[in-house]
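Notebook open, model loaded. I want to go through one strand and its neighbours, then one chain as a whole, then the place where the chains touch.

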Amino acid sequence: MSALALGWHIMRERLSAGRMLVIWPLLAIFILFSSWGLSDPKANLPAELVIDSAYDVMFASTAFIIFSATMGAVLISFDGISRDRLSGVLEIKLSQPIERSRYARALLIGHWAAIFVPVFLLNLASLIIIWYRLDDLPSFNELLVHTIATGLLLLWYTSLQLLASSWAKDMGSSIAVGLGVWMLFTLLWLVLTTVVAGLMGIGVENLNSSEYIRIEAIMDLFSPNGVYHHLLETPLQDVDRGISSIYPVLAAIMWSIIPMQLFIRRIERMIP
Amino acid sequence: METHLTLTDVSWRHKIRDSTTWKPWAKKDGPGIHSINLEIRSGKILGLIGPNGAGKTTLMRTICGLYDCDGFDKSCSSRRKRIGYMPEQVRWEGRVSVKRALETISLMRDDDVDLDQVIKTVGLSSKSDHFLDDLSQGMRQRLSLACALLGNPKVLVMDEPLNGLDPLAQRAFCNLLKNLANKGVAIVISSHQVADLESLADRIALLHHGQLLIEGTLSNIRKKLDLESDSGIVEMICSVTGIEPDQVTLDLSNDDLLPFKQIGGEEE
């Protein structure tokens, strides 16, 4: 049995879980409503936010994806291992002949797909809203970049949360680690960036200075949300944050490989 | 009689937190099993008995390949293909049907599995569409048994499977095990009560403090230890360790009381 087939089964199980009754409306409100609001030509947006095209709307609405979809990834995956471990089901699963690494990949695929599928479907629905409001659609290339970047972001959060779930001895610890990571990257990263900039002698009174923008771009490489934004900026012509475009790609590769490999190794060595 | 699995000097120590150092990641060897020699034979039921903490579960987990250790004539992955494992008291829960839960486990095996047949064998046909949350403990035990039966295993390893079952279900369970043994399946079953295994097991292995004290048929063990025909686990352990039965208190697990306080030369 391939990891894909087992992952598909896990995805179906997760999609039918009771918590999806909370996650679906949460995602719908954040993704659809943000697309509706940001594509309103009369909307009063902050000065630095200029909405000229369908992709601009999609780019701006990713702030809401970061809030909702990454939280969804945490909520779906926090008990991916810990629940089975506490109930004793993990003993049964790990005693099956499937290779541990294949099982780990199936868990990753299943949990990632359980959050990516709703987000992808809602993103498609938001395209209809944008088209209706702006009479414009993103190009295929822009859509591809947006979808791949969103998929990767959710994969990073899923791997981190599953890793936390495999370490935790109880579900409370698992969700505490997941929420802590989510808060660090979603809410506190800006503070950390400012502190680092201050320590490096870069004035933080002007957040639009080229020095601060560059240090922010570098710090973003160490955060999944930051790398996500770097990737989303790829199709934008007028964005220059002072670092080569190869770094976000390398960071994306590292963010994909390291947590996943850690998780696979963890499952390979796990004692229930 | 075909031997399905041979254990030669199998040892395993759990890693436990080392409280003598401030490092939270520091671990030291804890309790486990030491130098176990056993043969698991086709069509025979081997009963593992011993008090709490004797090492029954640890031994079963090593047999099933959950702990990777030396001393087996078959590799870990090969054992996992041949062995069906039923852990003690699995709390199946969630809004997933019995059949769906079983299907997930069956996807982790390469064998073609007739799920309906397995569900029927364990008597869960009428509950196959019920959610796991709605199952009683007895039904959950049956579901664990169904998982162990997937893929027609050559060896069945069951950790205290009679716990949580009513007397009628216990009898049905024992009948099922006897039928499977008659078909050539080797069965390893644990209990802390001799009475549970008296009518079921062909051979008994008495474990205490991670060591195999004695193994054989129940009558032979009693004869060898010069015990009455109704003697139980306490009498057996007392006979082997030399403790007077009258001195046995709840401190039975106290290391100072028993001669088996050392495993493998290291302090437990």
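I began with strand β3 (residues 45-49) of chain B and found it mostly covered, with 5 of its 5 residues buried. Buried here means that 20 or more other C-beta atoms lie within 10 Å of the residue's own; 12 or fewer makes it exposed, anything in between partly exposed, and C-beta atoms are placed from the backbone. Helices (H or I, at least four residues) and strands (E, at least two) are DSSP runs, numbered from the N terminus.

A note on conventions: this is a predicted model, where local features need pLDDT of at least 70, side-chain atom pairs count only at pLDDT 80 or more, and totals for chains, interfaces and linings use all residues. Residues are numbered from 1 along each chain as its sequence is written, while chains are lettered from A and ligands numbered from 1 in the order in which they are written.

Which way do the residues of β3(B) point? I see B:I45, B:G47 and B:I49 on one side and B:L46 and B:L48 on the other, all buried. That fits the textbook: in a regular strand the side chains alternate between the two faces of the sheet.

Next I looked up the partners, counting two strands as paired if DSSP finds at least two bridges between them. β3(B) runs parallel to β6(B), joined by 5 bridges, and B:I45 has B:I187 as its bridge partner there. With strand β7 (residues 203-208) of chain B, β3(B) is again parallel, over 4 bridges; B:L48 stands opposite B:A205.

I then moved on to strand β5 (residues 155-158) of chain B. B:V155 and B:V157 point one way, B:L156 and B:M158 the other, and all are buried. β5(B) pairs in the parallel sense with strand β4 (residues 83-86) of chain B over 4 bridges, B:Y85 being matched with B:V157. β5(B) also pairs, parallel and over 4 bridges, with strand β6 (residues 186-191) of chain B, where B:V155 has B:A186 as bridge partner.

How do β5(B) and β6(B) connect through helix α6 (residues 167-182) of chain B, right-handed or left-handed? The three make a right-handed β-α-β unit: with the strands pointing away from the viewer, the path from the first strand over the helix to the second runs clockwise.

Chain A was my next stop, with 11 helices and 0 strands. Of its 272 residues, 45% count as buried. The C-alpha trace spans about 60 × 45 × 30 Å along its principal axes.

I checked helix α11 (residues 246-269) of chain A for length. Its 24 residues should span 34 Å at 1.5 Å a residue (1.5 Å times one less than the number of residues), and its end C-alpha atoms are 34 Å apart, which agrees. Its buried residues include A:W255, A:F263 and A:I267, and the buried set packs against α6 (100-134), α7 (140-167) and α10 (224-232) of chain A.

Last, the chain contacts: 22 residues of chain A touch 25 of chain B, contact meaning C-beta atoms, placed from the backbone, within 7 Å. Elements giving two or more residues to chain A's side are α1 (3-15) and α5 (89-94) of chain A. The largest share, 5 residues, comes from α5(A).

Terms used
Contact = placed C-beta atoms within 7 Å.
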